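Subject: Structure for your files

Hello,

Here is the structure I said I would pass on. My notes on it follow below.

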Amino acid sequence: MKRATFNLQEVTMHDATNLTTLMRDKAAFADKINQLLDLLAIDCAELTLDHVAIRTHDIAVTESLASELASQGKLCSEAIVNGRPIHIYALDRALTIGQWQTHWVELPFPNHKRYPRQSWEHVEFVLPCATADMAGLKQALKRVFPGIFARAEQQHTITVKCSEPCVKGERLPNPTIAFKYQDVCVKFHPFPLAEIIASEASD
């Protein structure tokens, strides 16, 4: 059977697939991410964009997206995080989000939250740390982006969240610091998803 493909640059009005809708939303999403970076007065041009994440609250939409994403690459992980499945896909063709590119897409399955719009939710950058724990990640952020936490605190429209997602079988720590603005989020963590997923299978 011929493998289905989609063109990231071409969106037709009669094509109502979920991936087509996401591709149409990419430019607006990138603009919001850049607005957040401007408010934080940081430049992430030199950082690696590890992955981009989608948010949904409709299980039918989520399952449809899961099928379409799998047709465009490989389902690399189906980990359970905080009681819900989170699928990680490595796409055959890189996605362009603003000035960055990534092959990796995170698709969490719905929980109790509902969103005004089911679309892109966050980008996550790799920020290497001297020690891969929350304290080390905070120090790395302060070193690379001096004053970032003070500027975030001054902006009442930005919220900061520190978390340490833990998946059974993972050998690498995954501390994460997120800066949220309106309905989008920029996150930082010390290891690429590819390395974190690979650690699940290590002896």
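Asp133 is partly exposed in this predicted model, because its relative accessible area is 34%, between the limits of 20% for buried and 50% for exposed. Asp133 sits in the loop between E5 and H3. Its C-alpha atom is 8.6 Å from that of Glu164, although 31 residues separate Asp133 and Glu164 along the chain.

Helix H3 spans residues 134-144, and its buried residues are Met134, Gly136, Leu137, Ala140 and Leu141. These residues lie on the same side of H3, because the arc they cover around the axis is only 160°. What lies over them? The cover for the buried residues of H3 includes helix H4 (148-154) as well as the strands E6 (158-163), E7 (176-181) and E8 (184-189).

For the protein as a whole, the secondary structure consists of 5 helices and 8 strands. Read from the N terminus, the order of elements is α-β-α-β-β-β-β-α-α-β-β-β-α. The protein has 203 residues, and 46% of them are buried. Of the contacts between residues at least 6 apart in sequence, 66% are between residues at least 24 apart. The accessible surface amounts to about 10,900 Å², and carbon and sulfur atoms account for 51% of that surface.

One of the buried residues is Val105, which belongs to strand E4. Val105 counts as buried because its relative accessibility is 1%, and the cut-off is under 20%. Which residues does Val105 touch, apart from neighbours within four places in sequence? They are Val52, Ile54, Leu69, His87, Ile88, Tyr89, Leu91 and Leu95. The C-alpha atoms of Val105 and Asp50 are 8.9 Å apart, with their places 55 residues apart along the chain.

After strand E4 (100-108), the loop leading to strand E5 (120-126) holds Arg117. Is Arg117 buried or partly exposed? It is partly exposed, because its relative accessibility is 41%. Beyond its neighbours within four places in sequence, Arg117 makes contact with Arg24, Asp25 and Arg55. The distance from the C-alpha atom of Arg117 to that of Thr56 is 8.0 Å, and these two residues are 61 residues apart along the chain.

Two backbone angles deserve a note. Most residues other than glycine have a negative phi. Ala41 has a positive phi, near 55°. Ala41 lies in the loop between helix H1 (18-40) and strand E1 (48-54). Ala41 is exposed, because its relative accessible area is 53%, and the limit for exposed is over 50%. Gln182 is not a glycine either, and its phi is positive at about 55°. The loop between E7 and E8 is where Gln182 is found.

Last, the pockets. The largest pocket holds about 1,100 Å³ of space. It is lined by 42 residues, and those closest to its centre are Arg84, Ile86, Glu106, His122 and Lys187. Sorted by class, the lining of this pocket comprises 18 nonpolar, 12 polar and 12 charged residues.

Regards

Key. Residues are numbered from 1 along each chain as its sequence is written. This is a predicted model: local features need pLDDT of at least 70, side-chain atom pairs count only at pLDDT 80 or more; totals for chains, interfaces and linings use all residues. Side-chain values use heavy atoms; hydrogens and water are left out. On a 1 Å grid over the protein atoms alone, a cavity is a set of points where a 1.4 Å probe fits but cannot get out, and a pocket is an open set with protein on both sides within 12 Å along at least five of seven lines; lining residues have an atom within 4 Å of a point. Grid points are joined across faces, edges and corners, and a volume is the space filled by probe spheres set on the points. Ala, Val, Leu, Ile, Met, Phe, Trp, Tyr, Cys and Pro count as nonpolar, Asp, Glu, Lys and Arg as charged, and the others, Gly among them, as polar. Helices (H or I, at least four residues) and strands (E, at least two) are DSSP runs, numbered from the N terminus. Buried means under 20% relative accessible area, exposed over 50%, partly exposed in between (1.4 Å probe, protein chains only). Contact means heavy atoms within 4.5 Å. Accessible areas come from the Shrake-Rupley method with a 1.4 Å probe; for residues, only the protein chains shown count as cover. The arc is that of the directions from the helix axis to the C-beta atoms.
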